[in-house]
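Colleague: I am new to this structure, and I would like to understand a single part of it slowly rather than everything at once. Please choose a sheet, look at it closely, and then place it in its surroundings.

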4 protein chains.
Amino acid sequence: MTNTPIRMGLIGTGRIGQVHAANIAASPDATLAWVADPMIEGARAVAAQFGGTATAVAHDLVASGEVDAVLIASPTPTHVDLIAASVDAGLPVLCEKPIDLDIARVDALAPKVRDSGVPVAIGFNRRFDPAFASVRARVAAGEIGRLEQLTIISRDPAAPPADYVGVSGGIFRDMTIHDFDMARFFLPEIVEVHATGGALFDAGVQAHGDFDSAVTTLRAASGAQVTIINSRHSAIGYDQRLEAFGAGGMLQVANAPTSLVSLSTASVVEARAPYQAFFLQRYAEAYALELSAFVRLARGEKSESSTFADGRAALVLADAARQSADEGRSISVDLG
Amino acid sequence: MTNTPIRMGLIGTGRIGQVHAANIAASPDATLAWVADPMIEGARAVAAQFGGTATAVAHDLVASGEVDAVLIASPTPTHVDLIAASVDAGLPVLCEKPIDLDIARVDALAPKVRDSGVPVAIGFNRRFDPAFASVRARVAAGEIGRLEQLTIISRDPAAPPADYVGVSGGIFRDMTIHDFDMARFFLPEIVEVHATGGALFDAGVQAHGDFDSAVTTLRAASGAQVTIINSRHSAIGYDQRLEAFGAGGMLQVANAPTSLVSLSTASVVEARAPYQAFFLQRYAEAYALELSAFVRLARGEKSESSTFADGRAALVLADAARQSADEGRSISVDLG
Amino acid sequence: MTNTPIRMGLIGTGRIGQVHAANIAASPDATLAWVADPMIEGARAVAAQFGGTATAVAHDLVASGEVDAVLIASPTPTHVDLIAASVDAGLPVLCEKPIDLDIARVDALAPKVRDSGVPVAIGFNRRFDPAFASVRARVAAGEIGRLEQLTIISRDPAAPPADYVGVSGGIFRDMTIHDFDMARFFLPEIVEVHATGGALFDAGVQAHGDFDSAVTTLRAASGAQVTIINSRHSAIGYDQRLEAFGAGGMLQVANAPTSLVSLSTASVVEARAPYQAFFLQRYAEAYALELSAFVRLARGEKSESSTFADGRAALVLADAARQSADEGRSISVDLG
Amino acid sequence: MTNTPIRMGLIGTGRIGQVHAANIAASPDATLAWVADPMIEGARAVAAQFGGTATAVAHDLVASGEVDAVLIASPTPTHVDLIAASVDAGLPVLCEKPIDLDIARVDALAPKVRDSGVPVAIGFNRRFDPAFASVRARVAAGEIGRLEQLTIISRDPAAPPADYVGVSGGIFRDMTIHDFDMARFFLPEIVEVHATGGALFDAGVQAHGDFDSAVTTLRAASGAQVTIINSRHSAIGYDQRLEAFGAGGMLQVANAPTSLVSLSTASVVEARAPYQAFFLQRYAEAYALELSAFVRLARGEKSESSTFADGRAALVLADAARQSADEGRSISVDLG
């Protein structure tokens with residue numbers, strides 16, 4: 001590979017932004033050229049550790065002429081404007097999910113993205129998890145025959161702070177959105193959504209009229225059925241499982257063990273340590289692979305990056321799920 | 001135990017009837033006194049092997065004065081009349097599920113059962129499976145805290161013959177009905193039902209407007225969420241799993257292994273033999289324990305037998321599921 | 001099968017004798033005709049439950065003319081005389097292991113057995129365990145290529161009473177003898193034995209100069225290596241595992257689960273219930289299959305029953321193991 | 001941590017040397033200051049990638065005055081001289097195992113090491129594997145009571161080239177030596193060794209009078225028994241397991257999965273991908289932790305690094321194992 005590394009501009013230096021910064025610095029194919037955050041201390045700290053010029057003004061980064069691509073890891077309300085600015089500057093974009101909480105703003109942005117021809121990827125990192133990607137490839141290779149039922153269990157370790165819940169867009173747009181994209185990773189054409197939600201344990205969620213527990217069922221154009229089971233807490237650790245059931249068999253993704261050790265005593269046997277703490281551990285490799293795919297996309301090479309349309313589709317499904325839960329009926333969707 | 005064994009009258013000598021006959025014969029607490037089947041050869045064969053007087057006329061069995069209790073394993077359309085006759089004769093009944101495919105007929109029978117004081121149990125054998133019963137007991141004991149989400153995966157090895165599908169009452173009344181009862185084993189007060197079904201692979205099912213694949217979600221009065229995933233086929237063997245997820249942890253029932261042996265080679269590791277063929281293997285012990293519980297019920301002792309009301313409730317849920325799948329909306333139910 | 005059931009004479013009504021009595025009674029191919037035990041109450045109780053004529057005198061059973069075959073489950077010191085008497089009477093024998101604790105007595109009996117042509121089987125029941133038998137068949141079928149290393153882990157739940165230890169013949173003749181036979185089930189031609197033993201925890205064992213913990217290595221004529229790890233106690237339940245390692249892979253026999261349920265919490269995940277209590281649970285099916293094989297042997301049909309020579313070979317290996325542990329060197333054996 | 005990073009001198013740039021170079025470069029506590037290899041291209045390549053001055057002459061590195069500690073990853077015959085030179089220069093040493101193939105040369109070096117007071121660590125990296133370290137800590141914490149039997153299964157994926165076999169010192173000094181150290185990690189005072197070896201499949205091994213398969217049993221001063229099962233090939237991938245069996249239970253280390261995915265079909269269920277390729281994958285984390293411990297040792301802080309005495313002890317056990325296999329008897333050892 002004789003390619004010059006891509007100069008990345010990173011916007012946002014929170015938890016996810018720092019993960020991306022480390023991956024950019026570790027990649028032979030990318031360098032961290034600019035780092036933007038209105039909290040300039042964050043930008044400076046990341047730049048000091050991983051390289052690049054720090055700024056408080058994201059648009060300076062875009063206009064710098066020193067970045068080849070932009071990675072947007074800032075708060076959701078900033079995404080649409082920053083995508084627009086990057087696209088206007090001809091800079092490929094990798095934007096964290098969701099594009100926005102308001103589908104109208106997404107749809108207003110869509111023509112610009114489409115017409116520009118500038119690659120825009122949305123950060124559905126789980127597509128790059130080796131286990132999920134392997135199952136998808138093996139399903140595609142016919143190992144289990146036709147896919148009939150897909151089951152996704154996705155539980156966070158603990159509910160977010162109440163103030164975050166208020167701006168999160170709700171469980172479907174904030175958390176299930178990853179599972180909607182995972183469903184579409186296997187079955188892109190979803191045609192119907194049903195969801196039921198409850199606020200069983202979290203006061204913050206209850207206060208905001210949101211749900212902490214949800215079960216969503218999707219129907220694909222093929223007739224295949226998807227079940228998504230979510231909870232905002234999980235005593236056993238981050239619970240991330242998937243089963244693809246087909247006419248000829250089943251492929252399963254288990255939770256990631258944190259130790260190879262098991263204990264057997266007079267009261268229990270084969271007891272193991274709890275699962276991982278959260279997504280930073282579980283999807284560490286996926287984030288790095290997502291970045292690699294984006295580098296290929298930015299270079300105009302073949303890439304598995306998820307697209308702006310994928311980002312829109314997940315939001316449509318999230319909106320439909322909330323509507324379904326509110327109205328007690330299945331909602332037809334057209335992701336066309 | 002100095003009790004005299006109970007004299008059982010068995011009606012119906014098909015596949016399930018034969019299981020019950022063998023269990024009655026093997027029980028120290030019961031004897032097979034009469035066996036009825038309009039196909040008299042079946043009744044004679046069972047009587048020859050396990051004891052008792054054979055008859056083609058079920059009502060002769062009820063009227064014989066030689067049975068202490070009746071076990072009804074005949075086709076569904078006969079259940080209501082046979083329960084009524086047994087109750088009229090003061091004979092405790094264990095009747096295979098479902099009571100009937102028509103809730104109106106069940107409700108018409110209900111007052112007689114209630115007013116008679118005669119014990120009537122419905123054959124939801126899975127309640128007696130040691131694994132499911134253990135999970136229920138451990139949930140009740142607080143091992144995982146408050147129960148929030150219950151997931152039941154229940155897949156038959158292969159779809160029934162097309163002519164059976166036509167009289168089965170459909171997947172919800174015929175197959176899911178076991179899972180509805182299992183849901184109520186943990187969460188008796190179900191208040192809402194949503195279901196989605198598809199005919200993905202079976203021509204007989206399609207021809208009858210039935211489903212071969214279904215996902216049902218229930219909501220309990222407590223807010224707890226139940227997910228039931230069904231398929232009429234399963235290449236990997238009989239797939240019968242359950243997860244009880246609570247605030248403090250999770251209890252899981254795995255599929256039953258058929259061998260202790262695993263194979264590891266250069267291409268796969270820890271590969272095991274497929275799961276059991278079907279319910280006769282998986283629930284053999286449950287059938288025997290169900291009989292023991294019924295003997296206790298018939299004797300007026302404390303018993304965990306499921307009741308006529310349980311049988312009715314499962315049918316109400318099945319009807320609601322079909323209605324939900326047809327109308328695309330959640331259905332409220334009152335099992336009161 | 002139009003065969004008349006074989007009339008069995010059972011000698012010895014202790015724990016194992018009762019298992020055999022129940023299996024004989026449950027078999028369509030055998031009936032319990034006579035039962036002998038010097039403690040006549042035991043014989044009477046077994047005969048009352050499972051059929052047959054009770055006697056205190058084993059030789060009356062042999063001479064009765066009413067038994068077609070003899071099952072010897074009496075104390076080890078009686079085995080040689082009872083085998084001899086049965087063979088003299090032309091009655092096929094299934095004798096519990098070991099034949100005797102003294103190889104000289106075994107060798108003195110051998111010519112009579114050999115010359116008589118009367119089938120004599122030794123009760124190495126584990127050969128009939130479905131898991132072990134499956135692994136042997138799959139090794140023979142070439143699933144893992146040439147067998148190079150066989151590992152047997154065999155631990156009893158708790159040490160026997162001190163007075164039994166004194167007459168047991170020591171751990172190698174009493175306990176490991178099953179594992180020696182299992183080794184020969186896979187690799188009949190063992191040529192070298194090394195053993196090391198320790199008395200780590202059991203006072204009764206220490207008092208008798210016996211071992212409660214032992215590791216034995218065997219070498220087969222093929223060069224294949226066998227490792228046997230024994231302990232007289234096991235807090236986790238009866239520990240019975242086996243690994244066959246070959247050039248192309250590995251076949252493993254796991255401990256038998258006692259429940260399908262696992263528990264996951266904030267402190268452990270996938271914790272299951274302890275293993276089975278002891279051999280009566282673990283090898284229940286093996287005992288029944290052993291009886292079936294013996295019935296075939298007694299009828300002159302093809303049978304997998306282990307032979308008098310197998311019984312002798314296991315004792316030779318046990319003696320060599322004790323000698324090795326005492327002398328600190330490997331012992332060559334000729335099982336010729 | 002305000003410590004200045006330690007300047008490391010790396011001698012040897014083969015497979016293991018490169019692992020150490022990468023870990024040094026990645027460590028916040030160390031820098032790669034000098035790199036030596038008589039094949040100067042190797043030294044230059046490593047220095048170019050990870051930093052430092054390249055030389056073909058190891059003694060120049062030691063004499064440079066620019067290294068604070070030395071890591072010896074050169075061929076075994078060079079170890080003794082390089083340790084001596086480093087100690088003479090007052091430089092702490094981390095030397096790959098074994099110290100030497102000849103115990104006499106080790107013993108000749110020992111007084112210098114002891115009298116110098118310079119820390120010398122031997123590269124038994126497996127002590128730092130999180131799974132093994134956890135089991136040891138949990139045994140020490142009493143989770144399974146007194147340790148009675150330790151079982152180590154250690155199989156390489158494939159036999160080394162025949163020419164390497166000729167200079168390897170044989171399986172016990174080359175491969176089992178890691179397992180001897182692991183045994184001593186749990187039970188430092190080994191007092192007796194027995195081993196049996198065979199050349200079952202590898203022509204190179206046979207040509208050199210070496211073994212490709214071995215079973216070794218050790219006895220500790222406490223009476224505890226250790227079993228080590230080795231093979232030079234493993235179709236299923238790198239096989240690295242350990243069981244610590246105690247009076248109160250068992251702790252097990254399983255093979256590391258390479259994927260979270262399992263496949264179930266009509267012919268197999270729960271089949272997973274083969275295990276890791278070899279030690280570079282399996283012990284990647286252990287190498288990094290070993291380096292951290294050595295940095296602490298070099299700084300005079302508390303460290304778990306294995307010592308020169310540990311390196312000597314493992315070689316004594318390897319020699320005793322070979323002697324035992326040759327002479328067919330148990331060998332007493334005094335690790336003093």
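Modeller: Helices (H or I, at least four residues) and strands (E, at least two) are DSSP runs, numbered from the N terminus. This is a predicted model, in which local features need pLDDT of at least 70 and side-chain atom pairs count only at pLDDT 80 or more, whereas totals for chains, interfaces and linings use all residues. Residues are numbered from 1 along each chain as its sequence is written, while chains are lettered from A and ligands numbered from 1 in the order in which they are written.

The part I would choose is an open sheet of nine strands with mixed pairing, whose order is E14(B)-E13(B)-E12(C)-E11(C)-E7(C)-E10(C)-E9(C)-E8(C)-E15(C); strands count as paired here if DSSP finds at least two bridges between them. Its edges are E14 of chain B and strand E15 (331-332) of chain C, each of which pairs on one side only. Inside the sheet, strand E7 (residues 147-155) of chain C and strand E10 (residues 225-231) of chain C are joined in the parallel sense by seven bridges, and Gln149(C) stands opposite Gln225(C) in E10(C).

Helices lie across this sheet, and their angles run from 0 to 180 degrees between N-to-C directions, with axes fitted as lines to C-alpha atoms, for helices over the stretch in contact; residues are in contact if their C-beta atoms, placed from the backbone, lie within 7 Å. Helix H6 (residues 130-140) of chain C lies across E13 of chain B as well as E7, strand E11 (239-246) and strand E12 (249-253) of chain C, and runs at about 165 degrees to E12(C). Helix H13 (residues 308-327) of chain C, in turn, lies across strand E8 (190-198), strand E9 (213-220) and E15 of chain C, at about 50 degrees to E8(C).

A sheet that involves chain A can be read beside this one. It is also open, with nine strands and mixed pairing, in the order E15(A)-E8(A)-E9(A)-E10(A)-E7(A)-E11(A)-E12(A)-E13(D)-E14(D), and strand E15 (331-332) of chain A and strand E14 (271-272) of chain D form its edges, each pairing on one side only. Here E7(A) and strand E11 (residues 239-246) of chain A run antiparallel and are joined by eight bridges, and Thr151(A) stands opposite Glu243(A) in E11(A). Helix H12 (residues 308-327) of chain A lies across E8, E9 and E15 of chain A, running at about 50 degrees to E8(A).

The strands also bring us to the contacts between chains. In the contact of chain A with chain B, each chain contributes 27 residues, and strands E7 (147-155), E8 (190-198), E9 (213-220), E10 (225-231) and E12 (249-253) of chain A each supply at least two residues of the side that touches chain B. That side of chain A has nine nonpolar, 15 polar and three charged residues, where Ala, Val, Leu, Ile, Met, Phe, Trp, Tyr, Cys and Pro count as nonpolar, Asp, Glu, Lys and Arg as charged, and the others, Gly among them, as polar. Because 100% of the interface residues of chain A are also interface residues in chain B, the copies meet through the same surface.

Chain A superposes on chain B by a rotation of 180 degrees with 0.0 Å of shift along its axis (RMSD 0.0 Å), the fit being by least squares on the C-alpha atoms of residues with pLDDT of at least 70 in both copies. That is the relation of a two-fold axis, and in chain A the C-alpha nearest the axis belongs to Arg329(A), 1.8 Å from it.

The contact of chain B with chain D takes 13 residues from chain B and 13 residues from chain D. On the chain B side, strand E13 (261-265) and strand E14 (271-272) are the elements that give two or more residues, and by class this side has eight nonpolar, three polar and two charged residues. Chain B can be laid on chain D by a turn of 180 degrees and a shift of 0.0 Å along the axis, with an RMSD of 0.0 Å, and Ala271(B) is the residue of chain B that comes closest to the rotation axis, its C-alpha lying at 2.1 Å.

Technical notes: Two residues are in contact if their C-beta atoms, placed from the backbone, lie within 7 Å.
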